[in-house]
Amino acid sequence: MSTAAPQGKRPLLRVEGLVKDFGGLRAIDHCSFEVEENTITGLIGPNGAGKTTMFNVITGFFRPDAGRVFLGDEDITALPPHEVFKRGMCRTFQIPREHPSMSVIENLMLVAPDQIGEKFWNCWIRPAEVRRQEEEIRARAEEVLAFVELTHVTEEYAGKLSGGQKKLLELARTLMTDPKIVLLDEPAAGVNRTLMKRISENIETLRRERGITFLLIEHDMNMVMNLCNPVIVMSEGRDLMVGRPEEVQNDPRVLEAYLGGQYATA
Amino acid sequence: MDSAQLARGSFFILPLFLLGLMVIPGSRLVKVVLSIIAAFVITWLLATSLNAGVFTYVASFSTMAMIYAILSLGLNSQWGMSGHVNFGIAAFFSIGAFTSALVTTTMPEGVLASYSAQAFGLGMPYLVGILVAGIVSAILGWLVAIPVLRLRADFLAIATLGIAEIIRLIFQNERWLANGPQPLRGIPQPWLCLVKQPNCSWEPQWLVDWLSPLGARDYSFVNFLIVAVLLAVIYLLLERISNSPWGRMQRAIRDEEQSAAMSGKAVTYFRIQSFVIGSFIMGVGGAIYASYMVAIDYSHFLPLYATFIIWVMLMLGGSGNNKGAILGAFVIWFVWTGTETMIDWLAPALRLISDDLPSRGAYLRWMLVAVMLGAIVLFRPQGILKERKRVSDFMPRAKAGK
């Protein structure tokens with residue numbers, strides 16, 4: 001059953017025939033798509049199309065009822081979230097999920113992988129090594145904070161940040177490791193124009209300079225049109241089409257999904 | 001100068017020194033010097049100003065408060081650090097107490113055997129008893145954790161409450177195990193030989209001379225010292241891991257589990273870890289309690305007395321703060337024992353309200369504790385000492401001039 005992988009651009013993330021039911025509601029209905037390496041792929045669709053559910057299935061929060069998810073050549077279907085993370089996939093949440101009782105810097109330091117101090121006995125028997133690693137992690141966290149321009153709130157409680165700053169913190173968290181692919185769930189929701197522009201620039205820089213692949217859900221069409229290529233459209237749990245932003249924008253099926261379709265027939 | 005009072009006082013020096021190290025701020029040198037001075041001065045003041053009876057009361061009061069402090073520290077590593085609502089402290093407390101009792105006592109012989117039953121009696125030393133108690137309690141915690149930690153907050157609370165009742169009823173009904181409803185007696189007291197003839201074999205002559213004015217009644221002081229040292233060790237070990245990357249991860253999971261999972265943390269595994277560590281400490285607390293009481297039975301482990309008062313202690317002292325856990329234990333134990341005398345004083349006033357009331361005064365204490373818990377939650381939810389902002393002590397400080 002080995003089909004030779006096509007040469008050239010290879011899909012980094014591949015979703016095949018995914019199905020997810022919640023009771024009688026089919027949130028995802030045989031959805032398939034691919035995300036190519038080193039792209040910023042948009043995932044759009046009307047409310048209730050199953051985009052966030054798709055993220056939750058890919059990252060292991062939900063177990064799919066059918067279908068498979070591949071990261072590179074590896075089948076990651078239904079792996080728990082921390083295992084998905086270890087294989088190089090990060091995600092952010094639609095509503096920021098910071099750790100409010102910790103400072104911004106420790107919110108970031110938390111994410112660093114392979115911390116020996118997370119095995120509690122090492123804190124008793126190998127304190128010097130834990131301390132040295134903490135130094136490295138802190139330095140990295142400070143770099144990341146500088147990149148997203150949050151240095152001025154380093155020691156602030158994460159819970160006290162503004163909505164926009166929390167969005168930046170979400171993005172920053174994914175940079176504490178070296179992810180292959182980052183899933184962003186509405187990175188610009190509730191964010192002002194200036195900040196949105198900055199987030200877009202950050203994403204583009206990361207793709208260009210670090211070769212990180214992005215898959216992002218976004219409702220702001222300006223952002224999608226400027227940033228994403230290609231764009232995947234989901235509607236009622238299915239993959240409706242894939243194309244360049246301008247193709248998608250003018251496709252009658254997409255317009256119908258947004259404006260007519262399910263609503264018109266009701 | 002009364003040599004007996006000074007001998008009693010000498011048991012206070014080390015605990016007070018350790019307390020000084022904990023509370024006095026400043027550089028290490030300042031801490032050590034001030035703590036030594038403070039320890040000697042306070043000891044001298046206590047020994048000269050108190051009579052023997054009050055002094056003994058202070059020692060045994062503090063010992064019990066410290067046992068509660070250990071339980072409160074155990075709860076802190078479950079609730080404070082990781083957000084487990086464990087309403088079954090009594091389960092781990094009693095398992096620890098009965099385990100160490102069985103491990104350290106010897107099987108009853110002769111006449112005693114006809115009215116006292118226990119599953120086994122190994123006659124092992126005190127420290128072995130503590131360790132085994134901790135391990136057995138940790139194993140129980142682990143077994144409980146596997147099914148139960150999938151539950152959240154209120155469901156976890158109900159499940160643990162139920163488990164504690166099951167364990168207590170087992171100890172109440174299974175006579176072969178630990179003498180059923182009758183107390184299990186004769187739990188050995190460590191270093192009793194310091195104040196009782198014959199003297200300990202390892203005891204140097206100068207110590208024998210120094211302690212010679214003391215008798216078996218003064219054992220409270222010996223126990224006080226031992227419990228203080230054990231509390232200090234537990235506190236230090238816990239403080240180390242709670243202010244570390246491990247503690248940071250626990251707090252992250254408590255705050256926001258999904259994003260901790262998406263940051264690569266194996267949430268369930270780490271939640272079980274903190275639950276088991278807390279169970280271990282509670283078991284150790286139980287072991288120390290058993291030897292403090294000498295005789296224990298199921299009635300010591302009722303939910304009000306062995307679970308909820310510890311919750312009040314931690315909530316008042318400060319959830320998430322190990323110092324707060326200890327402070328809360330002392331404050332609440334003081335209020336709890338203090339109100340007993342207060343109710344006696346209030347008897348005439350209570351009689352004015354109703355003739356029955358003075359005899360039911362004891363229940364007013366429960367109301368008082370409940371009111372306190374309510375007041376804490378409403379007016380100072382973070383407790384007296386709130387949780388620190390900075391988690392990891394291993395992390396370097398921000399560079400100066402920023």
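**A pocket between two domains, and the chain interface**

Sorted by class, the residues lining the largest pocket come out as 27 nonpolar, ten polar and eleven charged. The model is a predicted one, and this pocket is a handy place to start looking around. The space inside amounts to about 1600 Å³. Six elements of chain B each give two or more residues to the lining: helix H1 (3-23), helix H2 (28-49), helix H3 (52-82), helix H10 (219-242), helix H11 (245-255) and helix H15 (322-353). The top contributor is H10(B), with nine residues. In total the lining counts 48 residues, and those nearest the centre of the pocket are Leu21(B), Met22(B), Val23(B), Tyr235(B) and Lys323(B).

Where does the largest pocket lie with respect to the domains of chain B? Domain 1 (1-50) and domain 2 (55-303) of chain B each supply lining residues, so the pocket sits between the two.

That makes the pair of domains worth a look in its own right. The domain assignment splits chain B into domain 1, covering 1-50, and domain 2, covering 55-303. From one C-alpha centre to the other, the distance between these domains is 27 Å. Their contact draws on 17 residues from domain 1 of chain B and 17 residues from domain 2 of chain B. Put together, the two domains of chain B bury about 1500 Å², and carbon and sulfur atoms account for 86% of that. On the domain 1 side, Arg8(B), Phe11(B) and Phe12(B) are the residues that lose the most area to domain 2, together making up 45% of what that side buries. Arg8(B) also turns up in a salt bridge with Asp218(B), where the closest N and O atoms are 2.7 Å apart. The rule finds one salt bridge across this domain interface.

Next comes the meeting of the two chains. Here 40 residues of chain A touch 37 residues of chain B. The buried area between chain A and chain B is about 3600 Å², with 60% of it coming from carbon and sulfur atoms. How many salt bridges does the rule find across the interface of chain A and chain B? The count for this chain interface is four. A salt bridge also joins the side chains of Glu118(A) and Lys265(B), at 2.8 Å from N to O.

A few backbone details round off the picture. Most peptide bonds are trans, and most residues other than glycine have a negative phi. Against that background, the bond leading from Asn229(A) into Pro230(A) is cis, with omega near 0°. Pro230(A) belongs to the loop that runs between helix H8 (221-227) and strand E9 (231-235) of chain A. Chain B has a cis peptide bond as well, from Gln197(B) to Pro198(B), with omega near -5°. The loop holding Pro198(B) is the one between helix H8 (175-178) and helix H9 (205-211) of chain B. Back in chain A, Glu186(A) has a positive phi, near 50°, even though this residue is not glycine. Glu186(A) is in the loop between strand E7 (181-185) and helix H7 (193-210) of chain A.

Technical notes:
Residues numbered from 1 in each chain as written. Chains lettered and ligands numbered in written order. Predicted model: local features only at pLDDT ≥ 70, side-chain atom pairs only at ≥ 80, totals over all residues. Heavy atoms only, no water. 1 Å grid on protein atoms, 1.4 Å probe; cavity = no way out; pocket = protein on both sides within 12 Å on 5 of 7 lines; lining within 4 Å. Points joined across faces, edges and corners; volume = space filled by probe spheres on them. Helix = DSSP H or I, 4+ residues; strand = E, 2+ residues; numbered from the N terminus. Nonpolar A, V, L, I, M, F, W, Y, C, P; charged D, E, K, R; others polar. Domains from an automatic or database assignment. Contact = heavy atoms within 4.5 Å. Buried area = accessible area lost by both parts, 1.4 Å probe.
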